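User: I'd like to learn how to read a structure like this one, feature by feature. Can we go through it together?

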Amino acid sequence: MHERELRAFVAIAEIGRMDLAAKKLGYSQPAISYQIVCLERSLGIKLFTRSSGGTTLTREGHTILPSARATLMLIDNIKRECVELGRTPLAAMSP
């Protein structure tokens, strides 16, 4: 499980469409779809029901969404603390 997968999951859950979530995150639609496939494999659950009209969270997706948001909040707090300490997190320096 990776931060980018959780960010993709939360963005899709909030927006309801993979293409628009991809645009928001600066990914292509196939790239964000791949992030979700990887996350679903890692967790062993299906997170979304996909249709031509967009995506809908499954029961399991609804269940883990608050934890995913909380995890991202903690990651953002750690990055912010590093910046405040005068350090740039290595992930932020990668292209």
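User: At roughly what angle do the axes of helix H1 and helix H2 cross, and within what distance do they come?

Analyst: One thing up front: this is a predicted model. Now the general idea: two packed helices are described by the angle between their axes and the distance between the axes. Here, H1 covers residues 3-15 and H2 covers residues 18-25. Their axes come within 8 Å and cross at roughly 125°.

User: What do you call that arrangement of H1 and H2, and why?

Analyst: Angles from 65 to 115 degrees count as roughly perpendicular and those over 145 as roughly antiparallel. The H1 and H2 axes cross at roughly 125°, so the two helices are oblique to each other. The crossing also has a hand: for H1 and H2 it is right-handed.

User: Which residues of H1 and H2 meet?

Analyst: On the H1 side you'll find Arg 7, Ala 8, Ala 11, Ile 12, Glu 14 and Ile 15. Facing them from H2 are Met 18, Leu 20, Ala 21, Lys 24 and Leu 25. Sort the residues of that contact by type and you get 8 nonpolar, no polar and 3 charged.

User: Let's try the next pair. How do H2 and helix H3 pack?

Analyst: Same recipe, angle and distance. H3 spans residues 29-43, and it packs against H2 at an angle of about 100°, with the axes 8 Å apart. That angle makes H2 and H3 roughly perpendicular to each other, because the class runs from 65 to 115 degrees. From H2, the residues in the contact are Met 18, Asp 19, Ala 21, Ala 22 and Leu 25; from H3, they are Gln 29, Ile 32, Ser 33 and Ile 36. By type, the residues of this contact split into 6 nonpolar, 2 polar and 1 charged.

User: And what about H1 and H3, at what angle do they cross?

Analyst: Roughly 110°, with the axes coming within 9 Å. H1 and H3 are therefore roughly perpendicular to each other. H1 brings Arg 4, Glu 5, Leu 6, Ala 8, Phe 9 and Ile 12 to this contact, while H3 brings Ile 32, Gln 35, Ile 36, Cys 38 and Leu 39. That contact divides into 8 nonpolar, 1 polar and 2 charged residues.

User: Now single residues. Is Val 10 buried or exposed?

Analyst: The idea is to look at relative accessibility, with under 20% counting as buried. Val 10 sits in helix H1, and at 8% it counts as buried. Next, ask what it touches beyond its neighbours within four places in sequence: for Val 10, that's Leu 65, Ala 68, Arg 69 and Leu 72. You can also check how the chain folds back: Val 10 and Gly 61 are 51 residues apart along the chain, yet their C-alpha atoms are separated by 9.7 Å.

User: Where does Thr 55 lie, and what does it touch?

Analyst: Thr 55 lies in strand S2, residues 54-57. Its relative accessibility is 14%, so Thr 55 counts as buried. Setting aside residues up to four places away in sequence, Thr 55 touches Ile 12, Gly 16, Arg 17, Met 18, Phe 48, Thr 49 and Arg 50. Ile 12 should ring a bell: that residue of H1 also meets H2 and H3.

User: How do I read the loop residues Ser 28 and Ile 45?

Analyst: Same cut-offs: between 20% and 50% means partly exposed. Ser 28 is in the loop between H2 and H3, and at 40% it counts as partly exposed. Ile 45 is in the loop between H3 and strand S1, and at 25% it also counts as partly exposed. Away from its neighbours within four places in sequence, Ile 45 contacts Glu 40, Glu 60 and Ile 64. Its C-alpha is 25 Å from that of Lys 24, with the two positions 21 residues apart in sequence numbering.

User: Zooming out, what pattern does the protein follow along the sequence?

Analyst: It reads α-α-α-β-β-α-α, from 5 helices and 2 strands. The C-alpha atoms fill a box of roughly 45 × 25 × 20 Å along the principal axes. Of the 95 residues, 29% are buried. The exposed area is about 6200 Å², with carbon and sulfur atoms supplying 57% of it.

Technical notes:
Residues are numbered from 1 along each chain as its sequence is written. This is a predicted model: local features need pLDDT of at least 70, side-chain atom pairs count only at pLDDT 80 or more; totals for chains, interfaces and linings use all residues. Side-chain values use heavy atoms; hydrogens and water are left out. Helices (H or I, at least four residues) and strands (E, at least two) are DSSP runs, numbered from the N terminus. Buried means under 20% relative accessible area, exposed over 50%, partly exposed in between (1.4 Å probe, protein chains only). Contact means heavy atoms within 4.5 Å. Axes are lines fitted to C-alpha atoms, for helices over the stretch in contact, and angles run from 0 to 180 degrees between N-to-C directions. Angles under 35 degrees count as roughly parallel, over 145 as roughly antiparallel, 65 to 115 as roughly perpendicular and the rest as oblique. A crossing is left-handed if the near helix is turned anticlockwise from the far one by less than a right angle, and right-handed if clockwise. Ala, Val, Leu, Ile, Met, Phe, Trp, Tyr, Cys and Pro count as nonpolar, Asp, Glu, Lys and Arg as charged, and the others, Gly among them, as polar. Accessible areas come from the Shrake-Rupley method with a 1.4 Å probe; for residues, only the protein chains shown count as cover.
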